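Q: Can you walk me through this one? I'd like to start with a loop residue and go from there.

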Amino acid sequence: FLKKNKLLYIYRSSIIIHNFGKSNIQILSNYKTILEPLFKKDSILKFSTKPLLKPGKRVKIYLDHFLKSKSAIVSGYFSMISLNNSKKFKAYIPPIKLTHPEILN
């Protein structure tokens, strides 16, 4: 799409977070780094409604990415807290490759 006369590419990725532990956890924020061929961008997303995960449950989160190029790599982590002992921790996201379909061939 065009934004201020600049062409941007929109990507959406989904991540499923499982709680394999024995305590309730809450997702506080998401930090991501986007590496494009000529750019690097860091961003922090704070959730307005912080998802709560009970033991054995999972949640699917969608992340939107607005890029200047047709390919990029996204990595980062979710900042979380254990509600049983108030310990904060990070759940790292494995690198996600984003590629526009026309350059896959």
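Q: Is Ser86 buried or exposed?
A: This is a predicted model. In it, Ser86 counts as exposed, because its relative accessibility is 55% and the cut-off for exposed is over 50%.

Q: Where is Ser86 found?
A: Ser86 is in the loop between β8 (71-82) and β9 (88-99).

Q: What is the phi of Ser86 near?
A: It is near 60°. That is a positive value in a residue other than glycine. Most residues other than glycine have a negative phi.

Q: What about the phi of Asn5?
A: The phi of Asn5 is also near 60°, so a positive value in a non-glycine residue again. Asn5 lies in the loop between β1 (2-3) and β2 (6-7).

Q: Asn5: buried or exposed?
A: Exposed. Asn5 has 75% relative accessibility.

Q: New topic. Which residues form the positive surface patch?
A: Lys3, Lys4, Lys6, Lys41 and Lys68 form it.

Q: Where does Lys41 sit?
A: Lys41 is in strand β5, residues 40-46. Lys41 counts as partly exposed, because its relative accessibility is 37%, and partly exposed runs between 20% and 50%.

Q: And Lys88, where is that found?
A: In strand β9. Lys88 counts as exposed, at 63% relative accessibility.

Q: Which residues does Lys88 touch, leaving out those up to four places away in sequence?
A: Lys88 touches Leu28, Met80 and Ile81.

Q: How many residues apart are Lys88 and Tyr11 in sequence?
A: They are 77 residues apart in sequence. In space, Lys88 and Tyr11 are 29 Å apart, C-alpha to C-alpha.

Terms used: Residues are numbered from 1 along each chain as its sequence is written. This is a predicted model: local features need pLDDT of at least 70, side-chain atom pairs count only at pLDDT 80 or more; totals for chains, interfaces and linings use all residues. Side-chain values use heavy atoms; hydrogens and water are left out. Patches are made of residues with over 30% relative accessible area and no salt bridge: like charges are joined within 9 Å, nonpolar side chains (Val, Leu, Ile, Met, Phe, Trp, Tyr) within 5 Å. Accessible areas come from the Shrake-Rupley method with a 1.4 Å probe; for residues, only the protein chains shown count as cover. A salt bridge is a side-chain nitrogen of Lys or Arg within 4 Å of a carboxyl oxygen of Asp or Glu. Lys and Arg count as positive and Asp and Glu as negative; His and the chain ends are not counted. The place of a charge is taken as NZ of Lys, CZ of Arg, CG of Asp or CD of Glu. Helices (H or I, at least four residues) and strands (E, at least two) are DSSP runs, numbered from the N terminus. Buried means under 20% relative accessible area, exposed over 50%, partly exposed in between (1.4 Å probe, protein chains only). Contact means heavy atoms within 4.5 Å.
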